[in-house]
Amino acid sequence: MNDEFSELRNQVEVCTNCTLHKTRLKSVFGEGPNDSKVLFVGLGPGYHENQEGRPFVGAAGKLLDDLLVLSGLKREDVYITNILKCYLPDNKAKDEEIATCTSYLDKQIALIQPKFIIPLGNVAASYLLRKFGQPIAPMRNLHTKIFSISTLFFQTKIIPMYHPAAALRNPGLKSMVREDWRKLGNLI
Ligand code: URA
């Protein structure tokens, strides 16, 4: 599996399947143990992630680190990736970019086979719920709900959460988001 992971990472590094490669400095494949029990999926790399080639290292990443502490999960024990692997200059993912890039995420999921998949934000939640045949809804109706998924190959639970950046943009959400992460720690 490590070989398949490295091969996939190499493909992402040189990918030119959509126009986002033009503004890419470093692709952001994701990081964490290849056999993590928990997989977090954000939207896509921002400015700092593009510089460093690592997910969630900017302002949203700092908040994610704090929220992980509340949940009792250790960053080094979980796998963190995104729907899109290249810098999203305006932070808005186009449908065709999502359709093109998620083949990489699909392969990561198939290799990791996590027990829990935690989409962060609406775009990741919609993609993952739709992929596994679940109904989609606004995040206010989805956050901390558990969707049990059973496929031919593995079983997992999807638990959507607000994107940390949503709490940065909307301070009114912050206390609820913190409560959600405490709850997540009990669910996992
Ligand atoms: N926001 C995301 O969705 N992903 C990152 O890696 C950083 C910010």
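**Why the words fit: reading a predicted model**

User: Asparagine 91 sits in the loop that joins β2 to α4; is this residue called buried, exposed or partly exposed, and why?

Analyst: The model is predicted, so local features are described where pLDDT is at least 70 and side-chain atom pairs where pLDDT is 80 or more, while totals for chains, interfaces and linings use all residues. Residues are numbered from 1 along each chain as its sequence is written, and side-chain values use heavy atoms, with hydrogens and water left out. A residue is buried under 20% relative accessible area, exposed over 50% and partly exposed in between, with a 1.4 Å probe and protein chains only. Asparagine 91 has a relative accessibility of 43%, and therefore counts as partly exposed.

User: What makes the phi angle of asparagine 91 worth a remark?

Analyst: Most residues other than glycine have a negative phi. Asparagine 91 is not a glycine, yet its phi is positive, near 65°.

User: Why is lysine 92 called exposed?

Analyst: Lysine 92 belongs to the loop between β2 (79–82) and α4 (95–112), where helices (H or I, at least four residues) and strands (E, at least two) are DSSP runs numbered from the N terminus. Its relative accessibility is 60%, and because this value passes the limit for exposed, the word applies. Between its C-alpha atom and that of glycine 44, 48 residues away along the chain, the separation is 9.0 Å.

User: What makes glutamate 96, in helix α4, an exposed residue?

Analyst: Glutamate 96 has a relative accessible area of 52%, and therefore is exposed. Its C-alpha atom is separated by 30 Å from that of lysine 37, and the two residues are 59 apart along the chain.

User: Strand β2 holds threonine 81; how do you know whether this residue is buried or exposed?

Analyst: The relative accessible area of threonine 81 is 1%, so the residue is buried. Its side chain makes a polar contact, meaning a pair of N or O atoms within 3.5 Å (within protein, one must be able to donate a hydrogen and the other to accept it, and residues adjacent in sequence count only if both atoms are side-chain atoms), with the side chain of lysine 85 at 2.9 Å. A polar atom of the threonine 81 side chain also lies 2.8 Å from the backbone oxygen of phenylalanine 29.

User: Why is tyrosine 79, also placed in β2, called buried?

Analyst: Its relative accessibility is 1%, and so tyrosine 79 counts as buried. From C-alpha to C-alpha, tyrosine 79 and proline 33 are 6.1 Å apart in space, with their positions 46 residues apart in sequence.

User: What makes β4 and β5 a pair of strands, and in which sense do they run?

Analyst: Two strands pair if DSSP finds at least two bridges between them. Strand β4 (residues 147–150) and strand β5 (residues 155–158) have four bridges in the antiparallel sense, and serine 148 stands opposite lysine 157 of β5. Together β4 and β5 form a hairpin, with four residues between them.

User: How do you know that β3 also pairs with β5?

Analyst: Strands β3 and β5 are joined over two bridges in the parallel sense, and isoleucine 117 has isoleucine 158 of β5 as its bridge partner. Strand β3 (residues 116–119) is covered on both faces, with Phe116 and Ile118 buried on one side and Ile117 and Pro119 buried on the other.

User: Which residues surround the ligand?

Analyst: The surrounding residues are Gly42, Leu43, Gly44, Glu49, Pro55, Phe56, Asn82 and His163, where a residue is near a molecule if one of its heavy atoms lies within 4 Å of it.

User: Which backbone distance links phenylalanine 56 to the ligand, and why is this residue called buried?

Analyst: A backbone N or O atom of phenylalanine 56 is 3.0 Å from an oxygen atom of the ligand. Of the 240 Å² of accessible area that the ligand has on its own, the protein covers 92%, areas coming from the Shrake-Rupley method with a 1.4 Å probe, and for residues only the protein chains shown count as cover. Phenylalanine 56 lies in the loop between α2 (47–52) and α3 (59–71), and its relative accessible area is 5%, so the residue is buried.
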